[in-house]
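Dear colleague,

Please find the structure below. A summary of what was found in it follows.

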Amino acid sequence: MKKLLGIVSVQVCCAVSAFAAVTLFDFETEAERKSVPKSWDKKSFQVCVTNHFASSGETSLHFSAVPWRKGLPQWPSFTLTTQPTDWTKYDRLVVDLVSVGENPQGLSSFFTDPPGRIQNGLSRHIMLPAKGYLQWVIQLDKWPKTCNPKQISRLHFFASEPQCLDVFLDRITLLKKGEPLPTPSPALVKELVPFTRDQFEIASREVESLKAETEPFCVTGQIRKERDYFLSKFREEMDAFRKKLDGEIRELSLLISLQDAVAQLQRKRDSVISRFRFWADCVRAGQKTEGMLVGTATTMEQVMPRGAAYTLKPATDLAIRLARNETEGLQLAVTPTEGKLQNVTVSVSALKHTGFFTWAKIPASAVTCDIVGYVDTKKAPPYRVGYNVATNEAPFYAKKSRAAFVGWWPDPILNFLKGTDIAEQDVQSFWINIRCPEDQKAGTYRGKVEITADNAPAVTIPFTVRVNDFTLPRESPLPLAITFSPGVNRYNEFAAQVDAVKKNPDSPVNSWKRHKQEWGDFLADHYITMDSLYHHGGEYPHFDVLRRLREQGRLGIFNLGYWGYPKDLSEESVKKWREYTIPKLKKAYDGAKENGMLDHAYVYGCDEISAQYFTNIQYAVSVLKKELPGVPIATTAYDHEFGVGSPLANMDVFTPLTPKFDCEKAEKARAEGRKVWWYICCGPHTPHANMFVECPAIEGRILMGAMTTRMRPDGFLYYEITIWNSMNCITSGPFTEWDARSWTTYHGDGAWTCVGPDGTPLTTQRLENFRDGLEDFAYAKILEERLKACPRPDCEWAKAAKEQLAVPISVMQDMKTFTYDPAAVYQWRDAMADLIERAPVKKGE
């Protein structure tokens, strides 16, 4: 097992004072150098002391690995060991890092006490820059119950399936509250200067190539004039950078600012190329380009508004295909050709049936044209992000890539704004959604989309909508256990404002309550039932909302309350556990029974608990089954056998993280009467699908659609969609002040929703794709029903249906290899729609 994981250990005895900042490791002593073992396999990864990139003294620790491939250690790692130390006296651990890899790379850590699994410790992650210095400041709070922070002795560092790991670590230091961060040595600054010069020379060559690269796009004099203007400005900036680099650089802050400026210039260059390519495409497509350019993108693509590359197609005609009771959309994107556009609006005309039912229309109330809002990420997250936005072809790590984009990202959809100004060079997206009524006549509908501005001619684009001849269900096609429990997170610097936010009646975490039923309907529009995994009674379950959803036929499952396990199985511990747990659950159980909703109830507990507590959990489950008869009991406890041959055989629902989902093991568990769901949270990271702000939006749709269809989990769990770390609701836009952080520098994890004026609900691009993926899965479920009813199981139609239900390789090869091309998703979805409509036996026949 150790060989598979790739573990090496460094054991050093450090004398540590509990009352002062202390450097645990700086790799300068002979004892430290001798204690660093050789890697077990130099062909995969190495850990060694070196005399390069030391932030103090003369030596540092070098950690490197070859690009991961199957057969190599999945998690190359090493462990530094000290005498057990009380870390509660300190609030931060600081590690100086110099990454010399060509691309960003994730680095992770666990800090724990001597006994037990290393994974029981405090876990932290960071994204290493491409060729740069980073001071990793680790907040020492929120210690897990599975380790003792007063006895920390092991510092474990690792990378997950590394593609570009080449990093130097030095001066690992504990700091007390208020103590300043240590300053890197002048020698390190001097050693880093060549990196910056290399980056500068690359950027300089790219700037000079801009003229030749954009020449094919200069199809009008106006485009050429603007291209030449940008080229001259870029050259001016490069001359200014060169003068600073030619001088003596002593301060690390100056060096980092130069690195950031060069990276921003490179992104600006890519953005300019995107602009000229799109402009030329619009001219060639015959679009009138006076005042504005209008493009289109799918809802699975992020259209970056400022300072980043983007891909758009000229909007010559627009089309949507959807089923009855389905919501589907597209994006229009507008950018000025000269100066600022004022008060830009988008509207859709009446959509009229083109066939026999000439009187049929898609009502205006079913169509929305909303302005896409943006959040500022400000700091790099601890995960790989995005794909090559210039080509929209693949995740960025599969190509040579620059540092992760930090800045404005599309996310909230601002349904309260009617129009917006668009600054010169900016790209503004508009989200057009159609929610097709359940009784809509099938067929083709036509209308038009109009884009207007106060200072530019209007643009009109034909719009076609095809309504399929089948209806999606009102309730989710997949059981969902998702927490809606608005709150703030103390993990980041926002923590100082937590009390003020909670006391402010107009803050997002309070003002939403004025619109509780509206929030309930909003969630149900996305197949989510207002619920909480972690509640202990109080206002949960929200029976008033649940009754309304039941009347609408949209009620999903809901949790009766969270449950834990007794500390031990002594009579006293069991008694305390029962007194704390059972009355709350029984009260919710009786409420569900009185409301006739017991068949929608479940109980969730023992969140991500390890195997050492399985005997205690087993006892708790046996009690719950007696006290709450008929209610499924669910967990994310780490039993990856899903109860087969384990102490937790009496559990009803297991929920592994998506990478841990095993179809064969799940089938064995089902054969014994259990269900196996799956979940995501702050993990997994790329190359697995997730739903952070920076994740390609298509990932959420593929996870809930194609991956769910192929892998067939019995349900989906998510820990929270309402971590609202903002002091104020969103009341203006499109560039908002909404805090995109959920915890540390994760953006959007645990936060799929935003809050509009007075506490009203705002959706996000990620939440829209979540629902769209479930609708794709609903197509698969309907097709599956038709296949079961097919009187000729060996006919060509049946063969084609089975192929689509298996999910084509063009959409998904496995959980880590899937398409980033929206066209492939639409092709699969439309193929299922065609098969449903051509089924030999239709539903109800």
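A residue counts as buried under 20% relative accessible area, as exposed over 50% and as partly exposed in between (1.4 Å probe, protein chains only). By this definition Glu-161 is buried, because its relative accessibility is 8%. The model is predicted: local features need pLDDT of at least 70 and side-chain atom pairs pLDDT 80 or more, whereas totals for chains, interfaces and linings use all residues. Residues are numbered from 1 along each chain as its sequence is written, and side-chain values use heavy atoms, without hydrogens and water.

Glu-161 has a positive phi of about 45° although it is not a glycine. Phe-53, also not a glycine, has a positive phi of about 55° and counts as buried at 10% relative accessibility. Most residues other than glycine have a negative phi, and most peptide bonds are trans. Cis peptide bonds join Tyr-540 to Pro-541, with omega about -10°, and Thr-686 to Pro-687, with omega near 15°.

The largest nonpolar core (buried Ala, Val, Leu, Ile, Met, Phe, Trp, Tyr and Cys residues joined through side-chain atoms within 4.5 Å) has 154 residues. Among those with the most contacts inside this core are Trp-563 and Phe-770. Helix α14 (residues 765–789) gives the most to this core, with ten residues; helices are DSSP runs of H or I with at least four residues, numbered from the N terminus. A second, separate core has 44 residues, including Trp-279 and Val-427.

Yours faithfully

Definitions and conventions
Helix = DSSP H or I, 4+ residues; strand = E, 2+ residues; numbered from the N terminus.
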